[in-house]
Amino acid sequence: MSTAKGHASVEHHMPSLDGLRAVSILMVLLGHLSGTRNFRSIDLGIGNYAHLGVTVFFVISGFLITSLLISEQTATGGISLKLFYLRRALRILPASYIYLIVLSALCALGLITVPWVSMICAFTYTINYLPGHAWQVGHLWSLSVEEQFYLLWPFAFSALGRRKGIGASVAVMAFAIFARAGARVFLIGTGYRDLPMFPMVADSLATGCIVALTRSRLERQGWYLNLFRPVPAFATVAVILILNRFAGYTVVGVLGTSIINIGIALLVHRCVVKYEDYVGAFLNWRPVAFIGVLSYSLYIWQQLFLNRNSSSWINAFPENILLAAGAALASYYVIEKPMMGLRRRLRARSRYASEDLAPIRVESTPAGSPSREGAEVVG
C-alpha cells in the first residue's frame, strides 16, 4: 500500500486470468467444432470439455467480480449498486443483443429458424430455464446464469458484508448439491432434469466468490500454499478431468461437481499468485492473453457458425471457425471496445465516490498484456 497526499491507494494485479479465459474458450470452441461438416468428432476422454470450459468461466467470474466489489468497498466504504449494474449492462448487453438482432434478421429472411419462445428467453436472459431451446441461442444459458448472478450477488454482498458473504456463498454451494440431487429425483423424465438452472450451477460462481473473500487469509496458510506446488496442482487437474469424465453418473454429477468447482478455484488462485512460473508465462503470453480478451465475443458468435446439425457452408470447416473469429473481432472492436471508455468513466465515479480515499485499480492482467481495461468479465 502506498500513500499520496494523505490518501490511501490500493492496487490489485490479477495476472493470468485472460490466459485462463483463452484456455476455456478454446475448450468451448473445440467442443462445438467437433462433428461439424468437414471436421471429425473429437473425444478427448475427459467428458464434456466444452461445458467444463464454461465452468472455468463461472469460477473466474465469481472470483473477479467479488474482488472488484471488495476493492470498491475498501476504497469508498460502500458499493454503488447503480453504477455496478450499469457497468455490467454496458459490458454484456450491447454485444449479446446485437447478436440476437442479427439472428432475428436472419429468421425474418427465412435463412434460419429459431422458435419465438427461444428468442424471448434469450432476450430476457432466462433461457437456462427453457428445455429444448434452439441451438443458435442455446449457449446463452451461461450468460443467463451470469446475469442472474450479477443481479443477486452485489446486493447480497452490500447488505451482508464480507464475513456473512462467506456464509451465504457456502450456503449456495450446499444448496446446489441438494438442488442437483432433487432434480435427478423429482424431475426425472422431464426436460428440466439436466437444465442448468441457477440453483443447480450457482455454486461454480459461489466457489470463486469464497476464494476472493478469503484470499488474504488463505495466502498466509502454509498448507494451502503447498497446494500451489507443481505436483499438487497437476493432481488437481487430473481429479477435475476424471470427475468431469464421469459426470453423467448421479453421485459424480451431484457431489463431484462441487469438487470440480473447488479444484478450479484453487487453480485459478494459483495462476494469479504464481504468474511468474512457466504456466504463468504461457497464460500471460500476449497471443494467449489476447484470445482471452476476445473470449466473450468468441463465445457469443461461435454458436451461429459451429453447428454440427447444419450442412450449410457457413457451418463447414474451416469457413465456420474463420467466420466465428471474424465476427468476434468485429464485435470486439466495433461494439465492445467503444463501450470500455464509458465503463472506465463509470468506474472512476465509483472510485472517487469518497472524497477521503483515492481510487483503486483492479486489473486482471499484468502490465504489458493487451486490453487490460476490457479483461474483467467472463463471457
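Here is a short walk through the structure, one selection at a time. Keep in mind that this is a predicted model.

**The whole chain**

Start with everything shown as a cartoon. You should find 14 helices and four strands. Of the 379 residues, 54% count as buried. Contacts reach far along the sequence, too: among those with a separation of 6 or more, 75% join residues 24 or more positions apart. Now switch on the surface. Its accessible area is about 17,100 Å², and carbon and sulfur atoms account for 67% of that.

**Into the main core**

Next, hide the surface and select L100, L103, I127, V137, L143 and F149. These are the residues with the most contacts inside the largest nonpolar core, which has 66 residues. Which helices should you colour to see where the core comes from? Try α1 (17–33), α2 (49–76), α3 (81–108), α4 (116–123), α6 (140–186), α7 (198–218), α13 (295–305) and α14 (319–351), since each supplies at least two residues of it. The largest share, eleven residues, comes from α6.

Zoom in on V137. Skipping its neighbours within four places in sequence, V137 is in contact with L100, L103, V114, S118, M119, A122 and I127. Once you've had a look, pick out L17, L52, I60 and L267: they are among the members of a second, separate core of 26 residues.

As background, nonpolar side chains tend to be buried together in soluble globular proteins.

**A helix on the inside**

Now select α13. Is this helix enclosed or exposed? Eleven of its eleven residues are buried, so α13 is largely enclosed by the rest of the structure. Show the side chains and you'll meet a mixed crowd, including S295, Y299, W301, Q302, Q303 and F305.

**A buried serine**

Move on to helix α10, residues 250–273, and click on S258. S258 has a relative accessibility of 9%, and because buried means under 20%, S258 counts as buried. Which residues does S258 touch, leaving aside neighbours within four places in sequence? They are I177, R180 and D203.

**Back out to the surface**

For the last stop, turn the surface on again and select V23, F282 and W285. Together they make a nonpolar surface patch of about 310 Å². V23 sits in helix α1, a helix you coloured earlier as a contributor to the largest core. V23 itself is partly exposed, with a relative accessible area of 34%.

Technical notes
Residues numbered from 1 in each chain as written. Predicted model: local features only at pLDDT ≥ 70, side-chain atom pairs only at ≥ 80, totals over all residues. Heavy atoms only, no water. Core = buried A, V, L, I, M, F, W, Y, C linked by side-chain atoms within 4.5 Å. Buried < 20%, exposed > 50% of the residue type's maximum accessible area, 1.4 Å probe, protein only. Contact = heavy atoms within 4.5 Å. Patch = residues over 30% accessible without salt bridge, like charges linked within 9 Å, V, L, I, M, F, W, Y side chains within 5 Å. Areas by Shrake-Rupley, 256 points an atom, 1.4 Å probe, with all protein chains shown as cover. Salt bridge = Lys/Arg side-chain N within 4 Å of Asp/Glu carboxyl O.
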